[in-house]
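User: I am new to this structure and would like a close look at a single part of it, followed outward into its surroundings. Please choose a starting place and take me through it in one connected account.

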Amino acid sequence: MKKFMLLLMPALFFCVSASPAEKEIKAAIENVTVYPDRARISHETKVDIPAGTTTLVLGGLSPYIDAGSIQVKGFGDFVILSVNHQNNYLQNLEESPEVKSLRDQIEALQAKVEDEKAAINVLKEKEAFLVANRGILVRETSFSLEQLRSVMDLYTTGMDQVATTTLKKNRIIKDYEKQIAALQKQLADRMGRQQLPSGLISATVQSGKAVQGRLTISYVTGNAGWYPSYDLRVDDITKPVTIYYKANVFQNTGVDWKDVKLSFSNATPQVSGNLPELSAWFIDYYNPVVISAAGTTRRNAAPMKAGEAMMEMAVAADMMERVAEQEAYAPAVEVKPGQTTVSFDVSIPFSVPSDGKVQTLEIQRTSTPAEYRYLTIPKLAPHAYLTGNITNWAQQSLIGGEANLYFENTFVGKSFLDVNQMTDTLTVSLGTDNSILVKREKREDFTSRRVLGQNKTETYSFLITLRNNKAVPVRMAVKDQIPVSTNSGIEVSAGELSRGSYNSTTGEVRWDLELKPGETRELIMTYSVRYPKERTIILE
């Protein structure tokens with residue numbers, strides 16, 4: 001048994017001495033590339049590497065690291081043998097300055113509460129002393145009446161002072177405790193990440209001599225992302241449209257990004273890069289399932305009308321925008337188009353705390369010539385909607401997102417900038433213009449309902465009135481509709497249309513016209529519907 005132990009000890013000694021030494025390193029975050037649903041974080045640091053084999057450990061990282069995305073590059077006379085990643089559940093992430101400040105405030109208030117309670121204890125002792133001496137005075141008969149009165153006044157004054165001071169201090173304690181409760185609630189909201197483990201990346205390196213090298217470490221982490229939004233501003237329909245391109249960034253990785261170089265990319269790493277495969281498409285006869293007569297049927301919900309979305313967009317409160325003498329510019333951003341993606345590099349270092357809150361940065365501002373045209377569908381809404389047609393929109397690296405609309409320095413509503421269009425012209429809605437008046441009313445004298453033989457004929461006529469109260473001419477498209485028959489027994493015929501173009505397939509009637517300043521234009525639309533008199537059709 002002793003011989004076995006003697007043989008084992010040199011082997012154990014060899015294993016311990018052969019394991020590489022560990023060395024903790026510090027590496028600040030240099031730059032962050034933010035994708036729509038994740039972020040790529042890069043660290044860089046200089047490190048002194050001793051001779052032999054050493055494991056360099058970088059801790060305090062996010063616990064949401066994608067291990068497959070880790071890249072470690074070394075620059076110097078050494079070799080990187082291996083790279084490993086793990087989460088250290090025995091070590092939590094470092095407290096943020098905000099959490100430390102909240103803890104300090106709570107401790108300071110708790111100390112004040114203890115001071116006030118100590119003072120109250122002293123007052124209670126004083127009260128007990130006065131009560132004890134009052135009993136002695138009552139039993140004492142050698143005092144004169146004047147002396148007794150003086151002692152009782154002293155007792156009353158002392159007790160009154162004790163009671164008043166105690167009451168004030170209890171109120172102060174109550175106020176301190178309210179402040180402590182509020183701070184503790186605020187601390188609890190920010191303490192979620194303090195329970196997170198610390199991410200670790202270790203790189204085992206080997207060198208024949210002591211050298212100084214440089215390491216760059218990058219990885220992709222979740223719980224971060226960005227999405228675009230826009231401000232579309234039109235000062236006048238004779239001027240270009242100004243597009244303010246904004247990036248809304250958020251992160252809750254557990255680690256604050258302090259003074260880092262931010263880049264925003266429209267790449268989607270979550271989408272698989274594998275080519276799709278087209279499988280065989282098998283067909284066969286369709287055998288419908290027989291439904292019993294007792295079964296109930298449901299009517300399909302009525303489809304949303306095309307103009308309802310435009311009506312919702314028009315409902316917004318006006319917000320006057322303050323215009324300075326010279327508008328301030330956002331930090332410079334370099335746009336880097338790639339083969340398949342576009343990135344926006346912010347020139348000024350920026351900080352994004354790990355609190356999940358959205359911060360907004362302007363990443364691009366462009367003035368683009370646009371062809372302005374008004375569109376109105378008076379049957380659905382008595383409003384004129386201003387649209388801008390942008391021809392070179394593909395060169396601006398835009399991504400679909402919500403847009404705030406400003407016309408003539410007034411907030412007019414919200415829209416959605418849809419860039420998924422297969423045309424060379426991007427049409428954006430710029431909200432309603434109250435300077436264009438629109439009215440649609442039925443012409444009662446030309447609306448009739450008559451029966452002739454076995455058929456009934458209903459005739460409807462509408463008057464559409466437009467007025468341009470602007471000081472410049474405007475181009476306008478007016479749309480209305482005539483019903484389309486899907487039954488051979490129903491016959492629809494168009495009457496007077498004021499030179500409007502009529503599509504009998506869709507029933508759309510369209511007028512393209514130009515209104516001069518102060519001009520009023522009237523359009524007439526008349527149509528008739530003939531159908532069997534014993535049947536019923538709802539036409540209004």
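Analyst: Asn223 is a useful place to begin, and its relative accessibility of 37% makes it partly exposed, because that value falls between the 20% limit for buried and the 50% limit for exposed. The model is a predicted one, and what follows should be read with that in mind. Asn223 sits in the loop that leads from strand 8 (211–221) to strand 9, and its phi angle is near 60 degrees, a positive value in a residue that is not glycine. A similar description fits Glu408, whose phi is near 55 degrees, again positive in a residue other than glycine. Glu408 belongs to the loop between strand 19 (401–407) and strand 20 (410–417), and with a relative accessibility of 35% it too counts as partly exposed.

From the loop of Asn223 the chain passes into strand 9, which covers residues 224–234 and contains Tyr230, while Tyr245 lies in strand 10 (residues 241–251). Tyr230 and Tyr245 form a stacked aromatic pair, with 4.9 Å from centre to centre and 25 degrees between the ring planes; the pair therefore ties together parts of the chain that are 15 residues apart in sequence. Tyr230 is buried, at 0% relative accessibility, and Tyr245 is likewise buried at 0%. The structure holds five aromatic pairs, and ring pairs join Tyr230 and Tyr245 with Phe344 in a cluster. A ring can also lie beneath a charge: the charged end of Arg233 sits over the ring of Tyr244, 5.1 Å from the ring centre. Elsewhere, the charged end of Arg443 sits over the ring of Phe446, at 3.8 Å from its centre.

Which residue brings these parts together with the sheet? Leu430 is a good candidate to follow, since its contacts beyond four places in sequence include Leu232 and Val234, and strand 9 runs over residues 224–234. Leu430 itself is placed in strand 21. On the side of strand 19 (401–407), Leu430 touches Leu405 and Phe407, and its other contacts include Tyr372, Leu386, Thr387, Gly388 and Val412. Leu430 has a relative accessible area of 3% and is therefore buried. Its C-alpha lies 10.0 Å from that of Phe411, a residue 19 places away in sequence.

Strand 21 takes part in an open sheet of six strands, arranged in the order 21-18-17-25-28-27 with mixed pairing. Strand 21 (426–432) and strand 27 (501–502) stand at the edges with a single partner strand each, so one side of each has no neighbour in the sheet. At the other end of that order, strand 27 is joined by two bridges to strand 28 (residues 508–515), and the two run antiparallel. Within that pairing, Ser501 has Arg510 of strand 28 as its bridge partner.

Strand 28 also leads toward the interior, because Leu513 and Leu515, which fall within residues 508–515, are among the contacts of Leu466 beyond four places in sequence. The other contacts of Leu466 include Thr376, Leu437, Met476, Val478 and Leu523. Leu466 is one of the residues with the most contacts inside the largest nonpolar core, which has 81 residues; Val32, Trp257, Phe264 and Tyr374 are also among them. Apart from this core lies another, of eleven residues, including Leu102, Ile106, Ile173 and Ile180. In soluble globular proteins, nonpolar side chains tend to be buried together.

Leu466 falls within strand 24 (residues 455–468), which 13 bridges join to strand 29 (residues 520–532), the two running antiparallel. In this pairing Phe462 stands opposite Met525. Strand 29 is also joined by four bridges to strand 26 (residues 491–494), again antiparallel, and there Ala494 stands opposite Tyr527.

For the chain as a whole, there are four helices and 29 strands, and 36% of its 540 residues count as buried. Among contacts between residues at least 6 apart in sequence, 77% join residues at least 24 apart. The accessible surface comes to about 34300 Å², with 53% of it belonging to carbon and sulfur atoms.

Notes
Residues are numbered from 1 along each chain as its sequence is written. This is a predicted model: local features need pLDDT of at least 70, side-chain atom pairs count only at pLDDT 80 or more; totals for chains, interfaces and linings use all residues. Side-chain values use heavy atoms; hydrogens and water are left out. Two strands pair if DSSP finds at least two bridges between them. Buried means under 20% relative accessible area, exposed over 50%, partly exposed in between (1.4 Å probe, protein chains only). Contact means heavy atoms within 4.5 Å. Accessible areas come from the Shrake-Rupley method with a 1.4 Å probe; for residues, only the protein chains shown count as cover. Rings of Phe, Tyr and Trp (its six-membered ring) pair if their centres lie within 6.5 Å; planes under 30 degrees apart count as stacked, over 60 as edge-to-face and the rest as tilted. A charge sits over a ring if NZ of Lys or CZ of Arg is within 6 Å of the ring centre and within 35 degrees of the ring normal. A nonpolar core is a set of buried Ala, Val, Leu, Ile, Met, Phe, Trp, Tyr and Cys residues joined through side-chain atoms within 4.5 Å.
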